[in-house]
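Work through the exercises below with the sequence and the structure in view, and try each task before reading its solution.

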Amino acid sequence: MSEFIIEYVKALQILDSRGDPTVEVSVVTRGGGYGRGIAPAGASRGLREAVEARDGGSKYLGRGVERAVEAVRRYIAPAITGMSSYRFREVDRKILEVDGTQNKSRLGGNAITATSLAVINAAADTARVPLFEFLGGRRARILPVPLMNIINGGAHAGNELSFQEFMIAPVGASTFSEAIRVAVEIYKSLKNYLKRAYGPAAINVGDEGGFAPPMRRVREALEAIVKATSEAGYRAGEDVLLAVDVAASQVYRDGLYFIDGSFIEGSRLLELYVNLIDEFPIASIEDPFAEDHPQYFRDLKLSLKGRALVIGDDLTVTNASLISKYLSENAIDGAIIKVNQVGTFTEAEEAIELLTQFGGKAIVSHRSGETEDTTIAHVAVAYGTGLIKTGAPARGERTSKYNELLRIEDYLSGEAVYAGRRALKLK
Ligand code: PGA
Ligand code: ZN
């Protein structure tokens, strides 16, 4: 097993999809295995997320990450060189020990995430197996339903839509590649519809590749998706389900939510959700309320009686103890999994395992600031989560994950199983 020993760790400042600097780490093992990890970055971040190190000052408008790169060189590399990448959980524990803070502020969450992802990739490469197989073993074969964000609003777009993400889930497909085809056909049909109905500026895209039309009300976005679905020849509610990420903390001010142009109480927002779910085939709703309103999550779950999943993202920040708390309080049906919200891959793995153990949904997710790193595609298959969020079927940093999943499906050939409808159903 000495081939797994980490011999070399290198860090570099590169760019993410918004043109912001980010941290890339490369790891080389004694056996010649090579792995790379790149930290993504969020725009609508949870209050309890791991803190990313940014340089401040004038270079890159303060967004540089030279300090995080230096933290990898000076503190992380010496601490993990000589350890076995095969025992990546121990490597992560070591990194957390060196950092020593709750919120990863000493080394920087970005330095930690990039290293942690590089280590698992190097281990898989050393073992000469794809990452999903290294992590999940030979039984890993479930390809996730993509929750594709095809209309962008909130912090991800320059329009007035209050919800951040409007997604489609092609659950009726029988394979992952068919799901991609269905989603692309609907995405193109939506493009035509938006151009017709709102003019050419409506087909500009937001941070996650979804269109950013000049709409004012969330209902309009849902209506447009339903129309585009039927114009593409599919049935909304059958072949395709809808999902939304409200990212409600972003529209929350002084106890009220700014939705569709006015400030409303949480209880009115809850009514809006119930009405929307009556009207549209919405299967999942993420961050419906702000982080300090878990009571409303519970109320919503009670009112919905399982008709749509209530998912935590900013609420739960991939933190196993927060997820466990909100699952047991009956506030959520599942949670978003983003490695950089919590710091290390091992902590994200704990969150996935906890969700699986208690029958909750784990949705492996990208960030709005992404790169060509495809690790999350492998993570979704490795743990059979059945769900992934990685944007529209457009823009390289989004398609890189879908393309990797297509490669994994091809690699598994007849063994691959598409998660389909049951992925969005409560057990
Ligand atoms: P972020 O948003 O990556 O900009 O934080 C994604 C999300 O809220 O799911
Ligand atoms: Zn979210």
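**Exercise 1. Find the distance at which the side chains of R45 and E52 meet, and decide whether each residue is buried or partly exposed.**

Solution. Bear in mind from the start that this is a predicted model. Step one is the distance: the side chains of R45 and E52 come together in a salt bridge, with 3.9 Å from N to O. The cut-off for a salt bridge is within 4 Å, so the pair at 3.9 Å is counted. Step two is accessibility, where buried means under 20% and exposed means over 50%, with partly exposed in between. R45 has 26% relative accessibility and therefore counts as partly exposed, whereas E52, at 16%, counts as buried. Step three is to look at the surroundings of the pair, for R45 and E52 belong to a network of salt bridges that also links E49, R54 and R367. Within that network, the side chains of R367 and E49 meet at 3.1 Å, N to O.

**Exercise 2. Describe the salt bridge of R219 and E279, and say which parts of the chain it links.**

Solution. The general idea is that side chains of opposite charge can pair when their charged atoms come close. Here the side chains of R219 and E279 form a salt bridge of 2.9 Å, N to O. This pair connects distant parts of the chain, since R219 sits in helix 6 (residues 218–231) and E279 in helix 7 (residues 266–279), 60 residues apart. For accessibility, R219 is buried because its relative accessible area is 19%, while E279, at 44% relative accessibility, counts as partly exposed.

**Exercise 3. Which residue forms a salt bridge with D239, and is D239 buried or exposed?**

Solution. The partner is R235, and the closest N and O atoms of the two residues are 2.9 Å apart. D239 has a relative accessible area of 16%, which means that the residue is buried. To place this example in the whole, note that the structure holds 31 salt bridges.

**Exercise 4. Describe how domain 1 and domain 2 meet, beginning with their bounds and ending with the residues in contact.**

Solution. The protein chain is divided into domain 1, covering 2–128, and domain 2, covering 142–424. Their C-alpha centres lie 27 Å apart, and the contact takes 31 residues from domain 1 and 31 residues from domain 2. The area buried between the two domains is about 2,600 Å², and carbon and sulfur atoms give 50% of this area. On the side of domain 1, S17, S44 and R48 supply 23% of the area buried against domain 2, more than any other three residues.

Next, count the polar links: there are 4 salt bridges between domain 1 and domain 2, and 20 residue pairs are in polar contact across the interface. Strand 3 (34–38), helix 2 (88–99) and helix 3 (109–127) each supply at least two residues of the side of domain 1 that touches domain 2. Helix 3 gives the most to this side, with 6 residues. Finally, the residues on this side of domain 1 divide into 13 nonpolar, 9 polar and 9 charged.

**Exercise 5. How many residues of helix 12 are buried, and which residue follows the helix?**

Solution. Helix 12 (residues 375–382) is mostly covered, with 8 of its 8 residues buried; among them are T375, H378 and A382. The helix is followed by G384, whose phi is positive, near 55°.

How values were computed. Residues numbered from 1 in each chain as written. Chains lettered and ligands numbered in written order. Predicted model: local features only at pLDDT ≥ 70, side-chain atom pairs only at ≥ 80, totals over all residues. Heavy atoms only, no water. Buried < 20%, exposed > 50% of the residue type's maximum accessible area, 1.4 Å probe, protein only. Helix = DSSP H or I, 4+ residues; strand = E, 2+ residues; numbered from the N terminus. Domains from an automatic or database assignment. Contact = heavy atoms within 4.5 Å. Buried area = accessible area lost by both parts, 1.4 Å probe. Nonpolar A, V, L, I, M, F, W, Y, C, P; charged D, E, K, R; others polar.
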